[in-house]
Structures are given as structure tokens and as C-alpha cells.
Amino acid sequence: MEDGDLLSRALDFYGLPRKFDANLVRSRFRELSRKYHPDSGEYETDLLFKELVQLRDVLLSSLQTDSLTILENSKEDPEGFQFYKLAKQKAATAIEKYFQFTDGNPVYLKKEDNPALLRLREELETAKNELEGFLEKFPKSIWKEDTETTLKKISVWFKD
């Protein structure tokens, strides 16, 4: 199946419009996971839940591709604001999602004590790479200093 077909299937499954963002995907994922999770009692198998997870990854991956397209089309945005904004949003969303997941629990920065940290690091790695790419592509941007500060803050999550 081609990527476009898979994306269309994911949009249909999630009931999303063609223009969506990561927050909308995550919100819809939470709603649908309550419905399709095998422990909900509504469905006896986990097939729909597994498809839900797989299609979420397709949707989030397509957003990453979109941010690369924005970087490539940076002639329309000489300071790189759109790319900067998407990368910062990814980092903030990843951290927010982590804290929502660990709500009320102690935060451990050792990965063996905290499996949710591994997921956070994966998501932050993407944002970190994009922010570093932003600095390479737009070294004189007015958002350079903020990007460097964000990268320092993100690095805390990678210390063991």
C-alpha cells in the first residue's frame, strides 16, 4: 500500500480533516483508545487497538515529513519561523504528554526506572534533530538564541 493510501486510511479511521496537527491526533487517539482497547469490554480482540496505534504513527510521521517540506520551502520564510515553531511545538508536546502520562508519579531520569522516559526521549530526539537542523539552516535567525536555550533544556531529559 502506498504512503498516500495509508495516510488516507489513517485520516478516515481517526475521522480527521486533511489539515491536522499532533495535538489533534493525540486527542483523537485518547478518545479512540478508550473505545478500542481490549480492556474496555466493547471489543474482544486487540486488532482494532493495534491498528489505532499503527495509524497514529502514520499520522505523526506525516507531520514530520511536513516539517521537512517547510524547511525545504524556506525561501518563503527566510527566518525559518514555521520550521522553528513546529520543532518547538514537538518538544513541548512530548514533554506535556510525558507529564500527563506520569501524572502524580515521581519522575525518574534513569531509563530503567522509568519506561515512559524512553518514549519521551524518542519523541524529543526528533524535535532535537529538527532544532539542530534549524540552527544549521538559519544560523542568523532571530530565534537562534531561543533554539539554543531549548536544546539545553531538552538535553536534561537525556542524562542518566
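**Exercise 1. Work out whether Ala 92 is buried, exposed or partly exposed, and where it sits.**

Solution. Ala 92 has a relative accessible area of 45%, so it is partly exposed. The cut-offs are under 20% for buried and over 50% for exposed. Keep in mind that this is a predicted model. Next, place the residue: Ala 92 belongs to helix 4, which covers residues 81-101. Finally, look across to Thr 150: the two are 58 residues apart in sequence, yet their C-alpha atoms are 9.7 Å apart in space.

**Exercise 2. Take stock of the whole chain: how many helices and strands are there, and what share of the residues is buried?**

Solution. Start with the count, which gives six helices and zero strands. Read from the N terminus, the order is α-α-α-α-α-α. Then turn to burial: of the 160 residues in the protein, 35% are buried. One last number concerns contacts with a separation of 6 or more: 60% of them join residues 24 or more positions apart.

**Exercise 3. Check whether the lengths of helix 2 and helix 5 fit the rise of 1.5 Å a residue.**

Solution. Take helix 5 to begin with. It runs over residues 115-137, so 23 residues at 1.5 Å a residue should span 33 Å. The rule multiplies 1.5 Å by one less than the number of residues. The end C-alpha atoms of helix 5 are 34 Å apart, which agrees.

Now do helix 2, residues 22-36. Its 15 residues should span 21 Å, and the end C-alpha atoms are 20 Å apart, so this one agrees as well.

While you're there, list the buried positions. In helix 2 they are Ala 22, Val 25, Arg 26, Phe 29, Leu 32, Ser 33 and Tyr 36. In helix 5 they include Ala 116, Leu 120, Arg 121, Glu 130 and Phe 134.

**Exercise 4. Decide how helix 4 and helix 5 are oriented, and say what their contact is made of.**

Solution. Begin with the geometry: the two axes come within 9 Å and cross at roughly 170°. Angles over 145 degrees count as roughly antiparallel, so that is the label for helix 4 and helix 5. The crossing is left-handed.

Then go through the residues. On the helix 4 side, the contact includes Phe 83, Tyr 84, Ala 87, Ile 95 and Phe 101; helix 5 brings, among others, Leu 117, Leu 120, Leu 124 and Phe 134. Sorted by class, the contact has 15 nonpolar, two polar and six charged residues.

Leu 117 deserves a closer look. It lies in helix 5, and its relative accessibility is 0%, so it counts as buried. From Leu 117 to Ile 95 the C-alpha distance is 9.7 Å, with their positions 22 residues apart in sequence.

**Exercise 5. Do the job again for helix 5 and helix 6, then follow Lys 128 through the contact.**

Solution. Helix 6 is residues 144-155, and its axis comes within 10 Å of that of helix 5, with a crossing angle of roughly 150°. That makes the pair roughly antiparallel. Helix 5 passes helix 6 in a left-handed crossing.

On helix 5, the residues that meet helix 6 are Leu 124, Lys 128, Leu 131, Glu 132, Phe 134 and Leu 135; their partners are Lys 144, Thr 147, Glu 148, Thr 150, Leu 151 and Ile 154. By class, that is six nonpolar, two polar and four charged residues.

Now pick out Lys 128, a residue of helix 5. Its relative accessible area is 22%, so Lys 128 is partly exposed. Leaving aside residues up to four places away in sequence, Lys 128 touches Leu 151, Ile 154 and Phe 158. Lys 128 and Ile 154 are 26 residues apart in sequence, with 7.4 Å between their C-alpha atoms.

**Exercise 6. Find out which classes of residue make up the contact of helix 2 with helix 4.**

Solution. Geometry again: the axes are 11 Å apart and the packing angle is about 25°. That makes helix 2 roughly parallel to helix 4. The residues involved are Asn 23, Arg 26 and Arg 30 of helix 2, together with Gln 89, Thr 93, Lys 97 and Gln 100 of helix 4. Sorting them gives no nonpolar, four polar and three charged residues.

Definitions and conventions:
Residues numbered from 1 in each chain as written. Predicted model: local features only at pLDDT ≥ 70, side-chain atom pairs only at ≥ 80, totals over all residues. Heavy atoms only, no water. Helix = DSSP H or I, 4+ residues; strand = E, 2+ residues; numbered from the N terminus. Buried < 20%, exposed > 50% of the residue type's maximum accessible area, 1.4 Å probe, protein only. Axes fitted to C-alpha atoms, helices over the stretch in contact; angles between N-to-C directions. Parallel < 35°, antiparallel > 145°, perpendicular 65-115°, else oblique. Left-handed = near helix turned anticlockwise from the far one by under 90°. Contact = heavy atoms within 4.5 Å. Nonpolar A, V, L, I, M, F, W, Y, C, P; charged D, E, K, R; others polar.
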